[in-house]
Amino acid sequence: MKNVLRHCLVPFKAMFIWLLVLMASHCLIAQTPKFTKPTNFDDVPVYRLQIIFTTANVSDAGTDDPVYIQLNSDMRPYYLDYGIDDRERNRKNEYDIVEPNVRFIKDIKQLNITKVGNDGWAISKIEIRVNGFTIFTKTLNKHWIDGNGGGQPVLNFTAAQLRSNGKWNYNVAPNIYIPPLTISKKDLVSMVEGFVGNYIRYIPDEDVQWGSKGGVNTIWGDAVEAKYRNPRTLAFDLDLQVAKFGPNPELDIDFDLVVSCNNGKVLLNIENAKVNVNFLSKFKVAKMNLDLSNYLNRSFNVPNCNAHFNSNGSLSFL
Ligand SMILES: [Ca+2]
Ligand SMILES: [Ca+2]
Ligand SMILES: [Ca+2]
């Protein structure tokens with residue numbers, strides 16, 4: 001039993017370490033940070049990537065179908081799924097894209113939006129945000145994407161279309177190359193939620209979903225919650241479920257996000273991970289470890305490590 005549980009914990013631990021390394025690269029800075037402004041806008045490092053969709057305000061505009069995006073050909077489909085009812089009529093949804101294949105703005109070579117299934121979705125606005133700055137917006141006249149009724153299930157923008165948008169330059173975002181010195185708790189939660197919503201699509205042989213109130217209740221408060229414990233520790237609680245015939249078993253994941261300093265590098269690590277369901281033994285741990293080592297290379301050196309959590313749960317690097 002213990003052995004099974006250990007196997008279950010490994011992939012989740014690895015995936016969160018992966019996420020945290022990405023978060024770390026988001027903000028790891030020296031006490032007197034200096035950031036070189038790349039000559040070319042396309043060479044700006046991506047510390048945070050978000051995509052924002054507004055669903056049109058017309059009948060049936062919303063959809064419960066899965067939606068994924070791809071920003072270059074190396075990127076596997078990235079599913080946009082938060083622990084809420086996504087893509088409702090006349091609602092704006094902001095998604096964090098925690099994606100190792102987008103390290104610089106130049107890695108955004110396309111925007112391909114795909115919807116699976118036949119519940120049509122009408123989009124009225126799309127926005128891409130890098131490091132908190134909007135670099136692309138497109139207002140649409142109730143653009144439907146759908147798999148039937150004569151609709152197209154995809155909406156694509158080429159590299160040239162994205163870059164001719166008028167916002168893809170330093171004039172609009174002169175400080176886009178400077179990462180924030182503090183990440184709010186809300187933003188940390190959003191990054192975890194964006195990562196997990198995509199990650200659960202790739203767990204083999206199981207249909208893992210966010211918790212819900214339909215049938216057996218599997219959600220308490222928000223699907224992702226974080227609580228300040230001490231300057232080194234932020235405690236996360238995730239509410240998920242496993243789709244099964246009959247009542248869906250709850251999948252509750254708890255872990256501590258711990259910040260520390262190691263040889264002048266800020267490290268964010270997962271500790272005390274707890275999972276209440278032991279179904280993850282088929283997960284490819286070796287693949288995850290390989291991914292993890294790749295992402296580790298993104299860490300910055302920081303000569304003076306003062307990174308800590310504030311009592312409001314934000315992560316400060318000064
Ligand atoms: Ca619809
Ligand atoms: Ca959802
Ligand atoms: Ca909760």
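Colleague: What makes the largest nonpolar core a core, and which residues touch the most other members?

Modeller: A nonpolar core is a set of buried Ala, Val, Leu, Ile, Met, Phe, Trp, Tyr and Cys residues joined through C-beta atoms within 7 Å. The largest one here has 62 residues, and I69, V130, V192 and F236 touch the most other members. At least three of the core's residues come from each of domain 1 (2–34 + 179–316) and domain 2 (41–163), with domain bounds taken from an automatic or database domain assignment. As a general rule, in soluble globular proteins nonpolar side chains tend to be buried together.

Colleague: What should I keep in mind about the model and its numbering?

Modeller: This is a predicted model, where local features need pLDDT of at least 70 and side-chain atom pairs count only at pLDDT 80 or more, while totals for chains, interfaces and linings use all residues. Residues are numbered from 1 along each chain as its sequence is written, with chains lettered from A and ligands numbered from 1 in the order in which they are written.

Colleague: How do you know whether Q241 is buried or exposed?

Modeller: We count C-beta atoms, placed from the backbone: a residue is buried if 20 or more others lie within 10 Å of its own, exposed if 12 or fewer, and partly exposed in between. Q241 has 24 C-beta neighbours inside 10 Å, so Q241 counts as buried. Of the 318 residues of the chain, 35% count as buried.

Colleague: And what makes V58 buried, exposed or partly exposed?

Modeller: V58 has 13 other C-beta atoms within 10 Å. That value falls between the two cut-offs, so V58 is called partly exposed. You will find V58 in the loop between β1 (49–55) and β2 (67–70).

Colleague: How do you know which residues V58 is in contact with?

Modeller: Two residues are in contact if their C-beta atoms, placed from the backbone, lie within 7 Å. Setting aside neighbours within four places in sequence, V58 is in contact with A122 and K142. For Q241, with the neighbours within four places set aside, the contacts include Q209, G211 and T218. The C-alpha atoms of Q241 and G211 are 5.1 Å apart, although these residues are 30 residues apart along the chain. Across the chain, residues 24 or more positions apart account for 74% of the contacts with a separation of 6 or more.

Colleague: Why is α3 called a helix, and what makes it enclosed?

Modeller: Helices are DSSP runs of H or I with at least four residues, strands are runs of E with at least two, and both are numbered from the N terminus. Helix α3 (residues 185–199) has 15 residues, which satisfies the helix cut-off. The expected span is 1.5 Å times one less than the number of residues; α3 reaches 21 Å from its first C-alpha to its last, close to the 21 Å expected. As for enclosure, 11 of its 15 residues are buried, so α3 is largely enclosed by the rest of the structure. Among the buried ones are L188, M191, V192 and F195. The chain has 4 helices and 16 strands.

Colleague: How do you know that β11 and β12 pair, and in which sense?

Modeller: Two strands pair if DSSP finds at least two bridges between them. Strand β11 (residues 224–230) and strand β12 (residues 233–242) share 6 bridges in the antiparallel sense, so they satisfy that rule. A hairpin of 2 residues joins β11 to β12, and Y228 stands opposite L234 in β12. β12 also pairs with strand β13 (residues 250–262), antiparallel over 9 bridges, where L234 stands opposite L257. Strand β10 (residues 208–210) pairs with β12 over 3 bridges, also antiparallel, with Q209 opposite Q241.

Colleague: What makes β4 and β7 edge strands?

Modeller: β4, β1, β6 and β7 form an open sheet in the order β4-β1-β6-β7, with antiparallel pairing. β4 (92–96) and β7 (133–145) each pair on one side only, and that makes them the edge strands. Inside the sheet, 7 bridges join β1 to strand β6 (residues 121–130), and I51 has I128 as its bridge partner in β6.

Colleague: How do you know which strands are the edges of the sheet β3-β2-β5-β8?

Modeller: That sheet of 4 strands is open and antiparallel, and the strands pairing on one side only are β3 (78–79) and β8 (154–158). β8 is joined to strand β5 (residues 110–115) by 5 bridges, including the one between L111 and F157.
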